[in-house]
Structure formats: C-alpha cells, structure tokens
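Biologist: Could you take me through one part of this model up close? I'd like a connected walk rather than a list.

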Amino acid sequence: MGIKRKKIEIEIDERLCKGCDICVILCSEKVFTISKKINSNGYYVPIPSNIENCNGCLICELICPELAVILEKTELDELVAL
Amino acid sequence: MENKYVKYLRNETLPTEFCVGCGCGTVLNLFCHVIDEMQINPDDIITVTGIGCSSWIPSPYFSADTLHTTHGRAIAFATGVKVMKPGKHVIVIAGDGDLAGIGGNHLIHAARRNIGLTVFLVNNYIYGMTGGQVSPTTPSTVNTATTPYGNVEQPMQIAELVAAAGASYVARWTTYHVFHLKKAMKEAISKKGFSFIEICSQCPTSYGKRVGKREGIDQLLDFKENSMNIQNVSGMREDELEGKYIVGKLVERNRLEFVDGLLNINAQFAEGVR
Ligand SMILES: Cc1ncc(C[n+]2csc(CCOP(=O)(O)OP(=O)(O)O)c2C)c(N)n1
Ligand SMILES: [Mg+2]
C-alpha cells in the first residue's frame, strides 16, 4: 500500500503579477523569495525558489489578487510508502 | 505553464486596474475557481453590478453577459433579469457603499422577497473608488475623508440585516479565508432563493492607510488574527467583540423563492383554475 507521489510546479505569470508579496508572506513553507530584480512592468515578481518545500495547499494560487500564481500538481507513478 | 483561469476573464483588460494588494482581485480569482469547479458555463451567468472598485470584478474583468448599472441599483436591475430569465445564474458583485449605502433599500427588499439572486458584497469598510469617504460599514473609530475629526456613526451589520430580512443563505468571510470563502460561494450559487455573502476585504489605498495598514498583506494578517467563528461568539459581550471579524454561515433555510411564487400563480391561470 502507498500513495502516489506528487510533482508540484509553480510559475508566476509575469504579465499579471504586481509584486504585492502576499504569496511570499502567507506561504507557510516559505516557497517564495522576494526578487531583487525589477521587471519590465516595474514590479518585483517573487521567485518560487523552494518548490521542494511546497505542500500543495494552494493558498498562493487562490489568494493572489492578480491570478498570477499558477500551481500544477501531477501524480507520479512512483508510490510513497505510508 | 498555462494560466487556466484567464479564459474566464476579458483578456484585453489585463492586468487589472486594481491597486497592488487589493482584495477585489482575490474575490475575482476565487469566483473564477468556483465557476470552473462547479463546471458552470459562463453563458449561463448574468452578472449585474453598480459603481465602485468592487463593481469592476464583473465589469470589465469577468467575461459573461454583464449589466454595469447606476450606483446602488444593481439589485433592482438584477431582479428584472431574474424574473425574465429564471434559468440563469444572476450574480451581483458590488461594494459596501453601493449595496449597503445608496442601494440599501433594494438589498433589504430583495432579501425579504427571497428572489433567487446571488449577491457578493465586497465590504472594504469605505468608499474606495472615490478616495475614502465614510460608508455605512466604516467602524466608528476610523477617521475618513468625510469624517476627518471622527466618525460619530455606528457601523451597520449588513449580513445580520440581510439574514433578518429573510434571505435563504447568508454568510460572512474575509479575503484571508480563501478555502472557506470558496466553499461558501459554491453554496450561495447552488442555493435556491436569495443568497448573500459579506466578504470583508482589504483596501490598502483608501482604508488601510487610515488604520495604519498600508499594504494589502497588513489587513490580511488583521483578518487572520482577529477573526472568530460565529459558533464561538454566543454569549460574548459587544465590547469583547470590538475589532473582531465574526465569520461563518449565519443562516441557511428553505423559503418560497419569488419567481417560483410568480410562476405558480401564472400556472393557476394557465390551467383555468380561477
Ligand atoms: C448616484 C451616484 N452618487 C455618487 C457617485 C460617486 N461614487 C462613485 S463610487 C462611490 C462609492 C463606492 O463605494 P463602494 O460601493 O464601497 O465601492 P468600493 O470602491 O469601495 O469597492 C461613489 C459614492 C456615483 N457614481 N453615483
Ligand atoms: Mg467599499
């Protein structure tokens, strides 16, 4: 018996993000870091630099005021022992 | 990766005009998720709205048939739409100034008639769009553009008022409670009769700065720390609840829906009963 391991990918839509940093602060697993580089729209878009810590809770995707956080979970064939 | 919710928006209007960290965007985001998860075809939705920042959630952003009406009159227009198109989801999204202030009377009577509308009131405690004038929900401790020396008015508890007026479904959540709010939105859309959610939301530009919370996240953390579930507040005194956000479902009940009542009467005449 086991559950399928999940692979999680996160991307921030650079066209939509306004750098409010709500995702950075509310993520309990500290997945995002504040960017030091300003983008062409004039915003500091966060970087999902610690994706391996993500528990897939989805608060970043749901709370983003700009619909800019895209989170994708794919089930892998490998089983994780319980 | 593909942003799979943008298809629900009018793409040419993006990115939104909302201020950085505005709660209106979170309501828009959750609304898209809800429509996607409920597998509702946007062609079966008619959104109706009034005037204010929160009124921009359906117009221009969410892509469905939309009536962008005069200030305070969204529910009056929506009533007409629902009577003529009872099979559609008629959804009103607007602000505290719009629905509780200038449109307050329409709100009370739509709830009393229990007409099958879904109403999401985005309560940012202020007239956001026009620069921070006092609204009927502004706490009496807050100075605003029109009450610079102090607000002598008491805020109105709008969700309680709508519940007392007779709505079928009433809840209150904040933009911090995304999981609860998403579930409540689904319940409100599915519920027959008048359903209403007061969504406490942040407005860093016109409200937050007046209460020392200049960024959207500051008000979100206030919602997180100072919310209490409605099930845990019975017996608490008013002064103990000062500054608290009381969240949860206020009522869910089955009452005759207005259009059903009208159609029943019509059917009696069609069958020649009278
Ligand atoms: C009849 C009328 N009166 C006043 C106004 C000016 N006005 C525009 S938006 C607004 C207040 C909106 O407040 P609210 O509904 O809370 O929306 P918010 O911007 O806070 O989301 C007012 C008074 C108007 N457009 N029409
Ligand atoms: Mg308002």
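Which of the 16 residues around ligand 1 come nearest?

Modeller: Happy to, with the reminder that this is a predicted model. The residues that come nearest to ligand 1 are C53(B), S54(B), D96(B), G97(B) and D98(B), out of 16 around the ligand. Three of those five also make polar contacts with oxygen atoms of the ligand. C53(B) does it through its backbone, with an N or O atom 2.8 Å from an oxygen of ligand 1. S54(B), right next door, uses its side chain instead, and a polar atom there sits 2.6 Å from a ligand oxygen. With D98(B) we're back to the backbone, where a polar atom is 2.7 Å from an oxygen of ligand 1. As for how wrapped up the ligand is, on its own ligand 1 has 600 Å² of accessible area, and the protein covers 73% of that.

Now, where does the shell come from? Helix α4 of chain B, residues 96-102, gives the largest share, with four residues. Sorted by class, the shell around ligand 1 holds eight polar residues, six nonpolar ones and two charged ones.

D96(B) is a good place to step across to the metal. Besides being one of the residues that come nearest to ligand 1, D96(B) helps coordinate the magnesium ion, ligand 2, through OD. The other donors are OD1 of N124(B) and the O atom of I126(B), and the coordination distances run from 2.0 to 2.2 Å. Along the sequence, the donor residues follow the spacing D-x27-N-x1-I. Both N124(B) and I126(B) are buried.

From I126(B) you can carry on to T138(B), since T138(B) touches I126(B) as well as Y125(B), T144(B), N151(B) and P155(B), leaving aside residues up to four places away in sequence. T138(B) sits in the loop of chain B that runs between β4 (118-123) and α6 (158-165). Loop or not, T138(B) counts as buried because its relative accessibility is 1%. Its side chain also has a polar partner: one of its polar atoms lies 2.8 Å from the backbone oxygen of Y125(B). So, to retrace the path, I126(B) is a magnesium donor and also a contact of T138(B), which is buried at 1% relative accessibility.

One more spot in chain B for contrast is D36(B), in helix α1 (residues 23-37). D36(B) counts as buried too, because its relative accessibility is 18%, and the cut-off for buried is under 20%. Beyond residues up to four places away in sequence, D36(B) touches K4(B), Y5(B), K7(B) and Y8(B). Take Y8(B) from that list: D36(B) and Y8(B) are 28 residues apart in sequence, while their C-alpha atoms are 8.6 Å apart in space.

And a quick word on chain A, while you have the model open. Chain A has two helices and two strands, arranged along the sequence as β-α-α-β. Its C-alpha trace spans about 50 × 20 × 20 Å along the principal axes. Of its 82 residues, 44% count as buried.

Note on methods: Residues are numbered from 1 along each chain as its sequence is written. Chains are lettered from A and ligands numbered from 1 in the order in which they are written. This is a predicted model: local features need pLDDT of at least 70, side-chain atom pairs count only at pLDDT 80 or more; totals for chains, interfaces and linings use all residues. Side-chain values use heavy atoms; hydrogens and water are left out. A residue is near a molecule or strand if one of its heavy atoms lies within 4 Å of it. A polar contact is a pair of N or O atoms within 3.5 Å; within protein, one must be able to donate a hydrogen and the other to accept it, and residues adjacent in sequence count only if both atoms are side-chain atoms. Accessible areas come from the Shrake-Rupley method with a 1.4 Å probe; for residues, only the protein chains shown count as cover. Ala, Val, Leu, Ile, Met, Phe, Trp, Tyr, Cys and Pro count as nonpolar, Asp, Glu, Lys and Arg as charged, and the others, Gly among them, as polar. Donors are N, O and S atoms within 2.8 Å of the metal (3.2 Å for Na, K and Ca); water is not among the atoms, so sites may look incomplete. Buried means under 20% relative accessible area, exposed over 50%, partly exposed in between (1.4 Å probe, protein chains only). Contact means heavy atoms within 4.5 Å.
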